[in-house]
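Please open the structure in your viewer and keep the selection panel at hand. The stops below go from one element to the next.

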Amino acid sequence: MDDPLVIAGREFGSRLVMGTGGAANLSVLERALVASGTELTTVAMRRLDASGGGVLDLLGRLGISALPNTAGCRTAAEAVLTARLAREALETNWVKLEVVADDQTLLPDPVELLDAAEKLVDDGFVVLPYTSDDPVLALRLEQIGCAAVMPLGSPIGTGLGIRNPHNIELIVSRASVPVVLDAGVGTASDAALAMELGCSAVLLATAVTRAQDPERMAAAMRAGVEAGRLARLAGRIPKRFWAHASSPAVG
Amino acid sequence: MKAKVNGLERELADGSTVASVLALLDAPPSGVAVAVDGEVVPRAAWGTTAVPEGAVVEVLTAVQGG
């Protein structure tokens, strides 16, 4: 692998982490996942009788690692129990930790999040917390042992893109674990911007699964992430106020 | 005896174990996890862990999400 994403010592060739929520059916999801090139994809934990099964078989068939999340949890206690159940069911100690405050915003509850992260790290989990774009909280999550931090660009499912690019840059500039832009991506340029700002990866679901053509949007996101990563590594020119001729002025 | 399984009150045979509750639910052999009264029961202990009277049993699996 040329430029792998490394989280907790594990290498991934793709810097696009996908979610599985919102897809009309499993065959649409399958085409989108294949087009995205993803190697890591989230699943939720729900009661056995709930609909939406079959996703684990699909990921297994595609050779994509499942990343269980704690979506729907409101307290640290709920999230810790859900993570432990996921570890048992999926035989992985990786977890995307989500503890949201309310249904309207689905914003992370920072107090419960930090508490849950601490308990799960102590319990041997590789914790990938979905967090607000707060540089102070991001640093705290890293300090307690999270394997990555995953700040939002904007609230889940809004497609509003990255509302505070400066905060994302601040988080990136101080992080020594990978920063994964999680939530808010609406289209490919948002994914590219996240990578240009220095994120190590992008996690998205709705922007693909609810697009008119999920397969094509997945391909767009893949290209966006790759373009943004290349641009970040290439080093952009500084912004200038006045024009600067690119052709020789003499001769 | 009675127990609450995934939110539903159920009448279980006396001496029921986690494994027998899973059989009742027709649970697949992999990809599920069980908590009894808020504590995860490891797979290896399903056959030997009794479900107490009035227990709250949660059986979870992975679904599309996130």
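Throughout this tour, a residue is called buried when its relative accessible area is under 20%, exposed when it is over 50%, and partly exposed in between, with a 1.4 Å probe and protein chains only. Helices (H or I, at least four residues) and strands (E, at least two) are DSSP runs, numbered from the N terminus. This is a predicted model, in which local features need pLDDT of at least 70 and side-chain atom pairs count only at pLDDT 80 or more, while totals for chains, interfaces and linings use all residues. Residues are numbered from 1 along each chain as its sequence is written, chains are lettered from A and ligands numbered from 1 in the order in which they are written, and side-chain values use heavy atoms, with hydrogens and water left out.

Select first strand β7 of chain A, residues 126–131, where six of six residues are buried. On one side lie A:Val126, A:Leu128 and A:Tyr130, and on the other A:Val127, A:Pro129 and A:Thr131, so that both faces are covered.

Next, add strand β6 of chain A (residues 94–97), which runs parallel to β7(A) and is joined to it by four bridges; strands count as paired if DSSP finds at least two bridges between them. One pair to display is A:Val95 with its bridge partner A:Val127. Across from A:Tyr130, the bridge partner in β8(A) is A:Met150, and strand β8 (residues 150–151) of chain A is parallel to β7(A), with two bridges between them.

Now select helix α5 of chain A, residues 135–143, which together with β7(A) and β8(A) makes a right-handed β-α-β unit (with the strands pointing away from the viewer, the path from the first strand over the helix to the second runs clockwise). Which residues of α5(A) are buried? They are A:Pro135, A:Leu137, A:Ala138, A:Leu141 and A:Glu142. These lie on the same side of α5(A) because they cover an arc of only 160° around the axis, taken from the directions from the helix axis to the C-beta atoms. On the other side, A:Val136 and A:Gln143 are exposed. The buried residues of α5(A) pack against α4, β7 and α6 (165–174) of chain A, where contact means heavy atoms within 4.5 Å.

Finally, look at the surroundings of this helix: at its N-terminal end A:Asp134 is the cap, with a side-chain oxygen 2.8 Å from the backbone nitrogen of A:Val136 (a polar contact is a pair of N or O atoms within 3.5 Å; within protein, one must be able to donate a hydrogen and the other to accept it, and residues adjacent in sequence count only if both atoms are side-chain atoms). Just after α5(A), A:Gly145 takes a positive phi of about 110°.
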